[in-house]
Amino acid sequence: MEQRSIDKLLPRGITPLQAEIEETLGLAAGTLTREKLADWQLQRINQTVAHCLENSPFYHEKIGFIKDHLPIRSLTEFTNVPLTTQVELAQNALQLLCCSQSEIARVVTLNTSGTISRSKRLFFTAAEMQQTVRYFQTGMSTLLAPGWQCLILFPHQRPHSIGSLLKTAVTNLGAIPVPLGMFENPMPVNQLIQEKQIETLVGAPKQIYTLMKNWTQLRLGHCPVRTILLSSDYAAPALRQAIERGWDCQVLDHYGMTECGYGAGIECSAKDGFHLREADFYYEVVDPSGQPAAAGDWGEVVITTLRRDGMPLIRCRTGDVSRFVDEPCACGTVLRRLDGIPERVDSLELSLSIPRLDQLLFQFPCVNGYDAYQEEGRFGLELYLDESSSARTLNEVRDSLAQSIQTTDPIVITVKSGFPHSAFSLAKKRVQFKSAEIR
Ligand SMILES: [Zn+2]
């Protein structure tokens, strides 16, 4: 059997995202500075604001008053422009459009939760989807070599779907896409990985964790998968480490967000935060009052689109909680980094959140998956365990939960075998509320 040196699987060096951004800005390789990027971002922000005031009925009404104060003279001054909320996004899709619907190539409809009563729709032109392909290509170049086979576990049938854009990006890199999409049974997927000797996987964290657990349970032995990109949901460090250990492979995390045309940021081989698409988006982190968070503080991620004509967004709250990492990345890039996205704004008040549960539970090798819910003053946990796990390991899980979760409400654990149905869904994992009064 080939003995892998993990370090050799990912090329070291500066994130390839920097070269892509230099190309977009028309700069020679290696000449990007924060100052050049900030100048370019400010210029693009002014273009975007002017475009929105002229063409978007929503922004014309919301921020029309700034017309007399243009151009915006600094990125600090830009923080005076009102934020766009997720509720506004959900309620004003067509009014946010700056072009005719005939120019739109892709509409993404997302079911929203919490206080947002209707689905959110995001519109993209074909040119904007091409920006995503180019970014996917940049990101995947870290994970793939020409000729490698890349199994894509995202929907790919519709044009401009996430799997279809990935397929194009992988092909452009000289690698071989194997588009599969969603699955409900891990066993045939693992057989496919073994038969085809797949080198790279792209999928949601819970999908890939399920495949790895099933592979181990089937005793399939050496896994051909060398590199994995996790996207579309939070990947707890414990879950990522379990995948890396279980399959002896390298895992990079991707910060996907539909508002950013599926892609907002990607780790480099240093695996220490998301490098951002700073030529395509301007990123901010704000405190609960909407003011810029102090350097290094956690807050809500806010984005402004810099290269969009169809449905540009100005200072749009994303609901994701993160912070800028102050220290330079080991890869040596000048690009900024966002830390992991450990929470959503709407889950901060919960004593039991999915990211915290993921980190806690996936440290136990016996855990196949779980579902969590809250009802009538108690928390429920449906815990899917390996059939071989003992009463002792269940007690360890219980003790760990009791120590780590700060709640006076009882936690009711139901033990099940196999995998939760939610492991096969692309929907972000959430604590389910079983009673309307609790909400
Ligand atoms: Zn880096």
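Is Leu-426 buried, partly exposed or exposed, and how many C-beta neighbours does Leu-426 have inside 10 Å? Leu-426 counts as partly exposed, because 16 C-beta neighbours sit inside that 10 Å radius. Please keep in mind that this is a predicted model. The domain assignment splits the chain into domain 1 (1-348) and domain 2 (350-433), and the points below start with how these two parts meet before turning to single elements and residues.

**The two domains**

- The C-alpha centres of domain 1 and domain 2 are 28 Å apart.
- Contacts between them involve 20 residues of domain 1 and 16 residues of domain 2.
- On the domain 1 side that touches domain 2, the elements giving two or more residues are helix H11 (205-217) and helix H12 (237-247).

**Leu-426, back in view**

- Leu-426 belongs to the loop that runs between strand E17 (411-417) and strand E18 (432-433).
- Setting aside neighbours within four places in sequence, Leu-426 is in contact with Met-182, Ala-204 and Ser-232.
- Gln-207 is 219 residues away from Leu-426 along the chain, yet their C-alpha atoms are separated by 8.5 Å.

**The largest nonpolar core**

- The largest nonpolar core holds 103 residues, and those touching the most other members are Leu-166, Ile-228, Ile-243 and Ile-303.
- Both domains take part in this core: domain 1 (1-348) and domain 2 (350-433) each supply at least three residues.
- For a closer look at one of these residues, take Ile-303: leaving out neighbours within four places in sequence, its contacts include Phe-281, Tyr-282, Tyr-283 and Leu-313.
- Ile-303 is also in contact with Glu-259, Cys-260, Cys-316 and Thr-318.

**Helix H3 and its two sides**

- Helix H3 covers residues 34-55, and its end C-alpha atoms are 31 Å apart; this agrees with the 32 Å that its 22 residues should span at 1.5 Å a residue.
- Its buried residues are Leu-37, Gln-41, Ile-45, Thr-48, Val-49, Cys-52 and Leu-53.
- Viewed down the axis of H3, these buried residues fall within an arc of 130°, so they line one face of the helix.
- As a general reminder, an α-helix has 3.6 residues a turn, so residues three or four places apart point the same way.
- What do the buried residues of H3 pack against? Their partners are helix H4 (57-63), helix H5 (75-78), strand E10 (281-286) and strand E11 (299-305).
- Glu-35 and Glu-54, on the other side of H3, are exposed.

**Strand E15 and its partners**

- Strand E15 (residues 367-375) is mostly covered, with 7 of its 9 residues buried.
- E15 runs antiparallel to strand E16 (residues 378-385), and 8 bridges join the two.
- Within this pairing, Ala-372 has Leu-381 of E16 as its bridge partner.
- E15 and E16 make a hairpin with 2 residues between them, and Glu-376 in the turn has a positive phi of about 40°.
- E15 also pairs with E18, this time running parallel, through 2 bridges. Here Tyr-373 stands opposite Gln-432 in E18.

**Arg-317, a buried arginine**

- Arg-317 is part of strand E12 (residues 316-322).
- Why does Arg-317 count as buried? Arg-317 has 22 C-beta neighbours inside 10 Å, and a residue is buried if it has 20 or more.
- Beyond its neighbours within four places in sequence, Arg-317 is in contact with Leu-83, Thr-84, Thr-85, Gln-86, Glu-300 and Val-302.
- The C-alpha atoms of Arg-317 and Gly-290 are separated by 9.1 Å, with the two residues 27 apart along the chain.

Definitions and conventions. Residues numbered from 1 in each chain as written. Predicted model: local features only at pLDDT ≥ 70, side-chain atom pairs only at ≥ 80, totals over all residues. Helix = DSSP H or I, 4+ residues; strand = E, 2+ residues; numbered from the N terminus. Buried ≥ 20, exposed ≤ 12 C-beta atoms within 10 Å, placed from the backbone. Contact = placed C-beta atoms within 7 Å. Core = buried A, V, L, I, M, F, W, Y, C linked by C-beta atoms within 7 Å. Domains from an automatic or database assignment. Expected span 1.5 Å × (residues − 1). Arc of directions from axis to C-beta. Pairing = 2+ DSSP bridges.
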